[in-house]
2 protein chains.
Amino acid sequence: MAATIKDIARETGLSLATISKYMNGGALREKNRIAIERAIKKLDYHVNEYARGLKSNKSRTVGVVIPELSNLFITQIISVMERILQEKGYSVIICDCQTDETRECRAVKFLMGKMVDGIINMPVCRDGRHLKPALEKELPVLLLDRPLEPLTGLVSCVLIDNEGAARAATRRLLELGHRDIGIIVGPKDIYTSQMRLEGYRRALEEYGIPVRQALIAYGDYTVQGGHQQIGRLLDTAPGMSAAFVTNYEMTLGALIAVNERGIAIPKELSLIGFDNLDLSMVARPRLTIVSQPLEEIGIQAARLMLERLSGEKGSPITVTLSSSIQEGESVRRL
Amino acid sequence: MAATIKDIARETGLSLATISKYMNGGALREKNRIAIERAIKKLDYHVNEYARGLKSNKSRTVGVVIPELSNLFITQIISVMERILQEKGYSVIICDCQTDETRECRAVKFLMGKMVDGIINMPVCRDGRHLKPALEKELPVLLLDRPLEPLTGLVSCVLIDNEGAARAATRRLLELGHRDIGIIVGPKDIYTSQMRLEGYRRALEEYGIPVRQALIAYGDYTVQGGHQQIGRLLDTAPGMSAAFVTNYEMTLGALIAVNERGIAIPKELSLIGFDNLDLSMVARPRLTIVSQPLEEIGIQAARLMLERLSGEKGSPITVTLSSSIQEGESVRRL
DNA sequence: TTAAAAAAATGAAACGTTTTGCTTTTAGCG
DNA sequence: CGCTAAAAGCAAAACGTTTCATTTTTTTAA
């Protein structure tokens, strides 16, 4: 049915090898190049990825394993990555493991069954066991947003300077005179939570202010979690003059709760949120937020993966991107 | 390196053809089946999808073309579809065309280059031109959420009864005595907008109430759009006692705006929102919403596609799912 | 017990590329 | 013009499956 390289060969009178060379960017005579191009157009030829994959052991496909698809932080990054990889002819298979280690493990195996050329992973499993099959096969592996201690030096990472971002946000509040600063972080065992909490601690230390457990709330990075935890803080730490919420969903939840309680921002409570998405453009007063460079994360991830895929060896790299604080009007000077 | 069917043949003393038969579920002698299974385990054999794809002209891959990846309605559906398709051994390649017809067209071609066995599409281009190459090749095509007039009878669809849902929501407000009901729909040229607006109109007609342009606002299905448009309605239609917002993002935007203005729900304004996501679980008072069966959409889409992929011909089917109203406390009796 | 029918296994030929080692053609130079 | 080196083109052999037409084995029936 569909035209093959053989048809092109017949049409042009050249050999298979020459056509193949053309398809892979080899050098050939001008008139042959033209003839081939004409034949390709005439016969509407497209390479058969399967024949090629079989021969070359490359699928031109990258697998992406994420904990959750319904998460704007993640989809925003994937969107960018996908576009870039696609421009280079790679397709992307996304596996949503639903924050489940077993599924994550299965996803890696599934992708290897699909013969992906590389894997990009925002890991759930903390010990990196799930990536073993890929590493054994020397597939390029790239970690997103969270490093994996046991894999240090073995795989590349694209990270955010979580600690620095949280420190800067907390400092900002301290500079403006706040002393009772609440923070809502994610689950205790998640890397980004730990780092953000650490940044908060460090900033307080710099100012010689004791860290009070009552001002630390552990959410679960969901809207509901943010809603609950800000409630908890407001109830149990009445002196709190400012709160720092450390991801987008929880910021949304917190904002809704604060509005419901009729608490005025920033008059009664200063708020610093997270992630530069719709929310920050919409809420009034405009939210002051820690803005993660989502697009840049995607770009760097795609770049690093493409470098690996094109055979550049070199040792694994960790790229750490820094967030910026985007000033709004949700923080006031005390 | 990796074990092939040949290795299994050698290990078991059987022929290639027999192993292949086993792999594809053919009938064979019990002892041979056992021997093969043992060999597979021993040699850690996995089929080479590329060799198989080359021979069989099947890629066991489904392409999904969507207007936007950072949209909870969409990702929620994809999540389910992907899980089901993956269970059947299919992988999914997602193409985010960014609501751009040119990109959408390119995405279809890209996917065909990747030799997908079928395409699931939430279409942007209204005339379905972009799907022509796929239809010509007789690839199974499935439309999601929006039918395409010119393709009626040619492709299957999974739809929501948008008109019915909007009518039910509007009726609900009418039953409770509301007469000045605002509605925020999406862009004028989008199918779901039109249907939802139509449902609103019909409900008003049933009650003999004239449709007033001042109560109809066109948003763009974004948080910001919802925020703006509810503002517009509140400003230009001061008598409005209830509002119906017709997607998740705009509901979020509207809710934020209403809270900012200190308007009490449902005392000063009754509100019906859309889509049963985090938001409705979190907002207080709990929102009354039109709840689309996101999971069911995913299930039906996966099912229909799988049926097609397994060769069942039959004529294209349109599955229309109905939404339900989930009662909260955001609507009051007038 | 044997012939016929049914079931299972087989060998070999594809599928559409890439690649390797050679051969032919072209270009450059004295 | 003829020689050489470099460039371009070629034939054939893979890659790991599936599938078809046969052959072999097993089961059934007489």
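# A tour of two protein chains and two DNA strands

Start at DNA strand C. The protein surface near this strand has twelve nonpolar, nine polar and six charged residues. Here, near means that a heavy atom of the residue lies within 4 Å of the strand. Nonpolar covers Ala, Val, Leu, Ile, Met, Phe, Trp, Tyr, Cys and Pro; charged covers Asp, Glu, Lys and Arg; the others, Gly among them, are polar.

Two notes before moving on. This is a predicted model, in which local features need pLDDT of at least 70, side-chain atom pairs count only at pLDDT 80 or more, and totals for chains, interfaces and linings use all residues. Residues are numbered from 1 along each chain as its sequence is written, chains are lettered from A and ligands numbered from 1 in the order in which they are written, and side-chain values use heavy atoms, leaving out hydrogens and water.

**Stop 1: DNA strand C**

Select A:Ile5, A:Ser20, B:Thr18, B:Leu28 and B:Asn32, which come nearest of the 27 residues around strand C. Sugar or phosphate supplies 67% of the strand C atoms within 4 Å of the protein, and bases supply the rest.

Now zoom in on A:Ser20. An N or O atom of its side chain is 2.7 Å from a phosphate oxygen of strand C. Go to A:Asn24, where a polar side-chain atom lies 3.2 Å from a phosphate oxygen. Then cross to B:Ser15: a backbone N or O atom is 2.8 Å from a phosphate oxygen of this strand. Which elements give two or more residues to this surface? They are α2 and α4 of chain A, together with α2 and α4 of chain B. α4(A) gives the most, with four residues. (Helices are DSSP runs of H or I, at least four residues; strands are runs of E, at least two; both are numbered from the N terminus.)

**Stop 2: DNA strand D**

Switch to strand D. A:Leu28, A:Arg29, A:Asn32, A:Lys55 and B:Ser20 come nearest of the 26 residues around it. Sugar and phosphate make up 68% of the strand D atoms within 4 Å of the protein.

Select A:Arg29. A side-chain N or O atom is 3.1 Å from a sugar or linking oxygen of strand D. On chain B, pick B:Tyr45: a polar side-chain atom lies 2.8 Å from a phosphate oxygen. B:Ile5 uses a backbone N or O atom, 2.8 Å from a phosphate oxygen. α2 (16-23) and α4 (49-56) of both chain A and chain B give two or more residues each to this surface.

**Stop 3: both chains**

Show chains A and B together. A rotation of 180° with 0.0 Å of shift along its axis superposes chain B on chain A, with an RMSD of 0.1 Å. The two copies are thus related as by a two-fold rotation axis. The fit is by least squares on C-alpha atoms of residues with pLDDT of at least 70 in both copies.

**Stop 4: chain A alone**

Hide the rest. Chain A has 13 helices and twelve strands. Its C-alpha trace spans about 85 × 40 × 30 Å along the principal axes. How many of its 334 residues count as buried? The share is 56%.

**Stop 5: A:Gln292**

Finish in the loop between β10 (288-291) and α13 (294-309), where A:Gln292 sits. At 5% relative accessibility, A:Gln292 counts as buried. (Buried is under 20% relative accessible area, exposed over 50%, partly exposed in between, with a 1.4 Å probe and protein chains only.)

Technical notes. Polar contact = N/O pair within 3.5 Å; in protein donor to acceptor, adjacent residues only side chain to side chain.
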